[in-house]
Amino acid sequence: MAKLETSLIHEGEQFNTTKSVVTPIFQTSTYLADDIAAFAQAAAATKSPEFYHRHGNPNNSQAAALIAKLEQKEDALVLATGMAAISAAILAVVKSGDHIIAQHAHYAASLTFMRDFLQQYGVEVTQVDQTDNEAFKNAIQPNTKLIFIETPSNPNLDITDLAFIGKLGKEHGILTMIDNTFASPINQVPADFGIDIVVHSATKYLGGHSDLTAGAVCGSAEYIEQVWRRSLLLGASLSPFDSWLLLRGLKTLALRVRQINENALALAQWLEKHPRIKSVTYVGLESHPQYALAKKQMKGFTGMLAIEVDGADDAQQYQRAQALLNTLQFFQNAVSLGGVESLITHPASMWGAHQSGEKSNKPSFSNGLLRVSVGIEHIDDLIADFETALANL
Ligand SMILES: Cc1ncc(COP(=O)(O)O)c(C=O)c1O
């Protein structure tokens with residue numbers, strides 16, 4: 001079987017039915033049928049790559065085949081955004097009267113989807129502390145259909161025990177699903193731990209260049225067909241051009257993520273020693289409370305870190321965080337993550353309103369907290385950038 005780096009270049013090539021070495025962009029909404037019989041066959045086929053764009057497209061089929069391979073799942077579906085993938089993936093599992101176990105910490109829109117949207121349709125959600133295995137177990141009800149986890153989670157970088165969740169789901173006949181966006185399949189393969197469904201915001205590491213939005217759902221072929229059936233109705237198809245960009249980005253996924261891992265660890269170690277930095281949360285640091293678990297289930301530690309700027313009080317922390325954001329040259333103040341360029345954001349300004357649960361009573365995040373997505377710039381420049389900005393605080 002081909003190694004990961006080879007799959008990144010060649011997997012899914014069968015969907016390129018032309019002689020072009022690089023799959024062309026199939027920029028069409030509809031496809032010719034040879035005759036009525038062929039038309040009927042394409043209309044009935046699951047994810048037909050050549051019928052009508054909402055059903056499928058060769059670029060999308062190629063991207064999905066590659067992502068399924070990376071996540072070691074039978075099949076996958078790509079959609080227009082990470083949220084399109086997450087919402088369709090959940091709607092393919094639950095119906096009115098069902099129950100979901102989720103974490104306190106998730107990407108904010110995932111939480112809003114479960115707590116506000118799904119609850120209006122009679123789906124119950126219990127949020128638990130992701131660092132507490134027993135809390136997941138204790139939250140199980142007779143109508144629990146899904147355990148949805150995110151690890152490392154956004155933006156607190158807590159870890160969920162994948163082997164425990166995989167086993168718990170199997171023991172109780174409950175499907176398990178992970179948002180693997182922060183880790184990427186280079187750093188973490190949840191299928192190794194028995195997790196059933198893997199979702200991604202492919203906007204982040206998979207695309208890797210901050211030039212597209214996309215989402216992916218991976219699972220058994222039977223399950224992906226159910227997700228596809230819902231996606232036909234929800235309508236969030238991934239455009240051929242974004243799919244083509246995603247495939248182009250995926251070719252360098254392993255190279256990018258490994259460089260990002262290396263840069264992030266070096267930066268985290270440097271920041272940890274700086275007197276103006278109160279704390280550094282990075283799953284690759286021995287000081288991370290779940291470092292041992294991270295080492296057990298991850299092959300690399302990602303480019304995501306959270307730092308807290310020191311200050312006498314909340315107001316000074318806020319003012320220093322702002323000054324830092326304004327002074328940094330290579331870490332740009334923008335949402336999103338996982339691109340080749342380094343980004344930095346202020347979670348208290350971004351997510352405060354969305355978070356809930358005991359673990360995140362207001363204020364949800366310290367005003368000194370900054371989330372960093374480390375890119376592939378030279379590490380000396382990244383450190384020098386922080387050195388200059390911190391010296392000016
Ligand atoms: C962990 C995680 N999951 C899902 C999403 C949603 O992805 P998208 O913006 O592509 O819909 C994001 C976006 O930031 C994210 O960080």
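These numbered points describe two sheets, the helices that pack on them, and the surroundings of a ligand in a predicted model.

1. The sheet of seven strands is open, and its strands follow the order S1-S7-S6-S5-S4-S2-S3 with mixed pairing. Its edge strands are S1 (75-79) and S3 (124-128), each of which pairs on one side only. From one strand to the next, the twist averages 20 degrees.

2. Within this sheet, strand S5 (residues 175-179) and strand S6 (residues 197-201) run parallel and are joined by three bridges. A reader who wishes to find this pairing in the structure can look for Met 177, whose bridge partner in S6 is Ile 197.

3. Two helices can be placed against these strands. Helix H3 (residues 58-70) lies across S1 and strand S7 (215-219), and runs at about 130 degrees to S1. Helix H4 (residues 82-91) packs on the sheet as well, where it touches S1, strand S4 (144-150), S5, S6 and S7, and its direction makes about 35 degrees with that of S7.

4. The ligand is surrounded by 14 residues, of which the closest are Thr 81, Gly 82, Tyr 107, Ser 201 and Thr 203. By class, the shell around the ligand consists of nine polar residues, four nonpolar ones and one that is charged.

5. The sheet of five strands is also open and mixed in its pairing, with the order S8-S9-S12-S11-S10. Strand S8 (277-281) and strand S10 (332-333) are the edge strands, each pairing on one side only. S10 pairs with strand S11 (residues 343-345) in the parallel sense over two bridges, and Gln 332 stands opposite Leu 343 in S11.

6. Helix H11 packs on this sheet by touching S8 and strand S9 (304-309), with a direction that makes about 150 degrees with that of S8. Helix H13 (residues 314-327) packs on the sheet too, touching S9, S10, S11 and strand S12 (369-373), and its direction makes about 130 degrees with that of S9.

7. H11 (residues 253-272) also meets helix H15 (residues 379-391), for the axes of the two helices come within 10 Å and cross at roughly 30 degrees. H11 is therefore roughly parallel to H15, and the crossing in which H11 passes H15 is right-handed.

8. On the H11 side of this contact are Asn 263, Ala 266, Leu 267, Trp 270 and Leu 271, which meet Ile 379, Leu 382, Ile 383 and Phe 386 in H15. Sorted by class, the contact has eight nonpolar residues and one polar residue, with no charged residues.

Methods
Residues numbered from 1 in each chain as written. Predicted model: local features only at pLDDT ≥ 70, side-chain atom pairs only at ≥ 80, totals over all residues. Axes fitted to C-alpha atoms, helices over the stretch in contact; angles between N-to-C directions. Helix = DSSP H or I, 4+ residues; strand = E, 2+ residues; numbered from the N terminus. Parallel < 35°, antiparallel > 145°, perpendicular 65-115°, else oblique. Left-handed = near helix turned anticlockwise from the far one by under 90°. Contact = placed C-beta atoms within 7 Å. Nonpolar A, V, L, I, M, F, W, Y, C, P; charged D, E, K, R; others polar. Near = placed C-beta within 6 Å. Pairing = 2+ DSSP bridges.
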